[in-house]
Amino acid sequence: MASPEPSDHLLALKVMRLTRPTLVMPRIVTAEAKDLPQNTLNKLLQDDVTTARGMETIAAGSFMLLPQSFGNIYLGESFSSYICVHNCTKHPVHNVTVKADLQSTTARINLPMHAGRELPVTLNPEETLDDVIHHEVVEIGTHILVCEVQYTTPAGLPASFRKFFKFQVVKPLDVKTKFYNAETDEVYLEAQIQNITAGTICLEKVELESTDKYTVTELNTLPSGESVFPAMKMLQPLNSCQFLYRIKPIPSVANDMNALRIATDIGKLDIVWRSNLGERGRLQTSQLQRSPIDFKDLRLSVIEAASVVKIGSAFTFKCRITNTSDQSMELTVNLMGKAQKDSAYTGTSEYSLGSIASGTFKDCTLTVFPVQLGLITITDLQLTDTFLKKTYKFEDFLQVFVVDNNYDVDNFIMDENVQYYE
């Protein structure tokens with residue numbers, strides 16, 4: 001026997017989405033009685049639910065408006081809905097069950113209902129079976145809430161019907177990331193977060209959750225420890241703000257070239273935000289990946305160096321030479337700093353570094369004499385493989401600030417009003 005049409009069913013199904021009201025502002029447009037519209041605009045203001053009676057042209061404030069439709073929902077928010085089945089007949093209806101599924105483009109999820117209550121139930125006349133469902137949406141696109149009701153008619157025949165409620169899940173935030181590779185193993189991540197909703201939102205938490213191969217340092221605070229952002233990070237529609245993080249591999253990965261080469265997964269950004277009426281949303285990005293490190297045959301990194309030195313005094317710094325090739329090397333070090341007219345420093349270092357096996361490193365110490373005030377750059381370090389007769393040149397690998405001998409280097413603070421001349 002065919003099931004009757006939904007209008008002929010013994011039970012009525014009502015589904016309402018639970019959401020906070022929105023803020024609206026009345027549009028005050030009025031005219032004089034002698035003008036062409038006469039009192040038409042004034043009458044429209046009097047009928048508008050957002051205006052106060054007797055003060056239609058004065059009260060220009062914000063009002064709460066209850067939801068007028070099922071509406072859209074933002075990714076990361078919790079979808080809440082009230083589902084109600086009512087017996088609108090004069091007879092008991094037996095074996096009543098209600099099931100709700102959420103259908104997306106990739107999955108169909110069963111939403112638990114009536115926890116702790118035994119189903120099926122019997123609904124007497126004017127009785128109601130209801131529940132509230134909650135589900136955090138994690139996928140963008142069209143979603144369909146499918147509600148199915150099953151019961152037994154007074155004649156003992158099984159009957160059922162379904163209703164479909166379609167809504168859209170859209171992005172609340174636009175997240176753009178950019179990586180900056182340092183000369184060392186460190187990576188700097190800039191995350192730009194833009195509010196693409198129609199209203200103001202508050203960023204409650206923005207954190208970078210790193211993988212087990214990296215550690216993260218947040219660089220969004222001043223030297224005093226104060227955050228660069230206000231206590232409430234409010235974002236107006238289409239406004240954005242930037243967050244900066246320093247990412248460093250753990251020692252076991254940093255000392256293993258092969259492990260560092262394949263450790264491209266950095267972590268995920270975890271963002272918690274709230275709407276202007278306090279609705280909470282959570283957004284997590286996919287796994288962020290740095291570009292694979294393109295190692296040359298040799299790698300140079302400065303591991304010890306002062307940032308401020310005195311002019312004319314010997315300045316010593318330590319470099320680390322890492323053999324990233326597939327074979328051992330016999331290396332000599334040559335730093336040329338000849339005394340010339342435009343030289344920023346003088347000092348020559350040339351000696352044998354010895355044999356370095358593949359995947360290992362050696363440290364070397366170099367010394368120069370700054371002869372020019374201001375910011376100088378140490379450059380032109382040559383490493384020569386005496387076995388293959390191949391030379392590797394490194395330029396602009398260190399910068400230091402040179403001050404006069406009258407300054408206390410340990411407590412030196414750069415003054416923006418002081419200028420240094422060659």
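**Rings and strands: a quick tour**

Okay, let's start with one residue: Phe315 is buried, and its relative accessible area is 3%. Before I go on, keep in mind that this is a predicted model.

Who keeps Phe315 company? Phe315 belongs to an aromatic cluster together with Phe317 and Phe397. Phe317 counts as buried, at 1% relative accessibility. I'll come back to how the rings of Phe315 and Phe317 sit.

So how many aromatic pairs are there in total? The count comes to four. One of them is Phe79 with Phe167, a stacked pair, with 4.7 Å from centre to centre and 15 degrees between the planes. Where in the chain do these two residues come from? Phe79 is in strand β5, residues 78–87, while Phe167 is in strand β11, residues 158–170. That puts them 88 residues apart, and the pair links distant parts of the chain.

Buried or exposed, what is Phe79? At 1% relative accessibility, Phe79 counts as buried, because the cut-off for buried is under 20%. Phe167, with a relative accessible area of 3%, is buried as well.

Now, as promised, back to Phe315 and Phe317: their ring centres are 5.4 Å apart and their planes stand at 35 degrees, so this pair is tilted. Why not stacked? For that, the planes would have to be under 30 degrees apart.

Right, on to the strands. Strand β6, residues 93–103, and strand β7, residues 108–111, run antiparallel and are joined by four bridges. Together β6 and β7 make a hairpin, with four residues between them. If you want a spot to click on, take Asp101, whose bridge partner in β7 is Asn110.

Further along there's an open sheet of four strands. What order are they in? Going across, you meet β21, then β23, then β27, then β25, with antiparallel pairing. The edge strands are β21, at 298–304, and β25, at 345–346, each of which pairs on one side only.

Let's zoom in on the β25 edge. β25 pairs with β27, residues 361–370, in the antiparallel sense, and two bridges hold that pairing. Here you can look for Thr346, which stands opposite Phe369 in β27. As a bit of background, strands of a sheet pair through backbone hydrogen bonds.

If you open the model later, try two stops: the stacked pair Phe79 and Phe167, and the hairpin of β6 and β7. That's it from me, thanks!

How values were computed. Residues are numbered from 1 along each chain as its sequence is written. This is a predicted model: local features need pLDDT of at least 70, side-chain atom pairs count only at pLDDT 80 or more; totals for chains, interfaces and linings use all residues. Side-chain values use heavy atoms; hydrogens and water are left out. Two strands pair if DSSP finds at least two bridges between them. Rings of Phe, Tyr and Trp (its six-membered ring) pair if their centres lie within 6.5 Å; planes under 30 degrees apart count as stacked, over 60 as edge-to-face and the rest as tilted. Buried means under 20% relative accessible area, exposed over 50%, partly exposed in between (1.4 Å probe, protein chains only).
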